[in-house]
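This explanation leads through one protein model, from the surroundings of its ligand to its domains and the packing of its helices. Please keep the sequence and the structure in view while reading.

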Amino acid sequence: MKLPQKILTGLAAFVVLATAALALTISYTSDCGAAAAVDEGDERFQAIQFRCYGPPEVLELTLLAKPVPKDDEVLVRVKAASLNPLDWHYMRGSPYLIRLTTGLGAPDNQRLGADFAGVIEAVGANVSRFKVGDAVFGTTRGSFAAYVIKHQDGSLAIMPKGASFAEAAALPVAGITALQALRDHGKLQSGQHVLINGASGGVGTYAVQIAKANGATVTGVSSERNHEMLKSLGADYVIDYRQTNYTDGDARYDLIVDMIGNHPLTANLDVLQAGGRLVIVGGEKGDWIGPISNMIKQPLLSPFVDHEIIVMLAQSSGDELAALAKMMESGEIESVIDRSYALSELPAAMAYLEEGHARGKVVVEIE
Ligand SMILES: NC(=O)c1ccc[n+]([C@@H]2O[C@H](COP(=O)([O-])OP(=O)(O)OC[C@H]3O[C@@H](n4cnc5c(N)ncnc54)[C@H](OP(=O)(O)O)[C@@H]3O)[C@@H](O)[C@H]2O)c1
């Protein structure tokens, strides 16, 4: 073998070995080990923790010391929280690549849950935006608990008037995702026709309502059992994905918001009007490439088509929450709550969400 060939072979072997080593490292799951420590002291509160990645059985109800807010923080007594697929991605450490940020082998942060609604119980010395007794909702890391701490400038807002804690807790992640998918990424205009794939889930139920409130014609894709609900939320047309593949139909859409990722990108583009937009919210399932495959395909395909393809990641903020609260107060949107669980039943709630057929949102009500 000549020297250049030897170098190339050596390089190839190095790349293969390095890839294998990286794959082994990020997919390694530590044992759960000893039970979580119970914090000492009088002031303790219930919180869900997970010490290792895995199925819902890794979720434990534990007792933690009640936190004290710093100068710019508020302490919220959580009354309700809601579940999102994001939570089981964190719980399972899947796709494995997210472990580069959530912790290799085991989770760095053992608390779980994003969405919450509750009442402010204490405020730090510099807090001016909120006061004790305010009913608030928002996002955090660790909302499956009786207390959370939030910075006053973070993703936190006054709850919509008239909403229950469960209805407000359902709203943050799913509502913000739906809003940003349609308004910012979809650039939805009144009179346009939007197709929402996965219309009956957490994000979809808000997306149908927001699209309708903005004057769009809405087609919702779900199984047949959810069609009446979608029509009551404002869908003009419904498609049963078990009977009909919408990418084979004659209808053409200005915007497709895809929560499911069960059709090839090119098939979605085939049913878009010229200049139409495809907003990808959710993708294929799997521990490896599946969920991120659209991020790889999007830049490869985009230069060759006259459509916009956007793979989005929702960004939460107090302003976005306040905008959603206004929409709920004016009756433009409501929360569709499928099931409600106690905090101790979180493993069952998570298993239900993971089945992928929740009808609207799954919530946890915290005594
Ligand atoms: N990019 C982001 O920033 C972002 C933010 C939030 C969520 N997400 C992702 O978006 C996706 C949806 O989230 P979600 O909270 O709405 O999930 P979800 O509530 O678990 O969605 C469940 C819904 O999906 C429907 N569904 C299942 N298979 C379907 C199919 N083949 N075709 C059409 N509908 C189908 C189900 O309807 P049936 O019961 O009728 O089957 C069910 O109502 C997830 O992958 C999530 O990770 C991404």
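Which residues come nearest to the ligand? Of the 31 residues around it, these are Gly 201, Gly 202, Ser 223, Gly 282 and His 357; a residue counts as near if its C-beta atom, placed from the backbone, lies within 6 Å of the molecule. Residues are numbered from 1 along each chain as its sequence is written. The model is a predicted one, in which local features need pLDDT of at least 70 and side-chain atom pairs count only at pLDDT 80 or more, while totals for chains, interfaces and linings use all residues.

Four elements each give two or more residues to the shell around the ligand: α2 (85-92), α5 (172-185), α6 (202-213) and β9 (217-222). Such elements are DSSP runs numbered from the N terminus, with helices being H or I of at least four residues and strands E of at least two. By class, the shell holds 15 nonpolar residues, 15 polar residues and one charged residue. Here Ala, Val, Leu, Ile, Met, Phe, Trp, Tyr, Cys and Pro count as nonpolar, Asp, Glu, Lys and Arg as charged, and the others, Gly among them, as polar.

The shell around the ligand also draws on two domains, with at least three residues from each of domain 1 (44-171 + 335-365) and domain 2 (174-311). These bounds come from an automatic or database domain assignment. The C-alpha centres of the two domains lie 27 Å apart. Their contact takes 12 residues from domain 1 and 13 residues from domain 2, where two residues are in contact if their C-beta atoms, placed from the backbone, lie within 7 Å. On the side of domain 1 that touches domain 2 there are seven nonpolar, three polar and two charged residues.

How do the helices pack? The axes of α5 and α6 come within 8 Å and cross at roughly 50°; axes are lines fitted to C-alpha atoms, for helices over the stretch in contact, and angles run from 0 to 180 degrees between N-to-C directions. The crossing angle makes α5 oblique to α6, since angles under 35 degrees count as roughly parallel, over 145 as roughly antiparallel, 65 to 115 as roughly perpendicular and the rest as oblique. The residues of this contact divide into 10 nonpolar, three polar and no charged. Among those of α5 are Ala 174, Leu 179 and Leu 182, and those of α6 include Val 203, Tyr 206 and Ile 210. Gly 202 of α6 also takes part in this contact, and Gly 202 is one of the residues that come nearest to the ligand.

Helix α5 has a further partner in α10 (residues 318-329), where the axes come within 10 Å and cross at roughly 90°. That makes α5 roughly perpendicular to α10. Pro 172, Gly 175, Ile 176 and Leu 179 of α5 make this contact with Glu 320, Leu 321, Ala 323 and Leu 324 of α10. Six of the contact residues are nonpolar, one is polar and one is charged. In the loop between α5 and β8 (193-197) lies Lys 187, which has a positive phi of about 50° although it is not a glycine.

Helix α2 packs against α11 (residues 346-354) at an angle of about 110°, with the axes 10 Å apart. The two helices are therefore roughly perpendicular to each other. Here Pro 85, Asp 87, Trp 88 and Met 91 in α2 meet Met 350, Leu 353 and Glu 354 in α11. The loop between α2 and α3 (99-102) contains Pro 95, and a cis peptide bond, with omega about 0°, joins Ser 94 to Pro 95.
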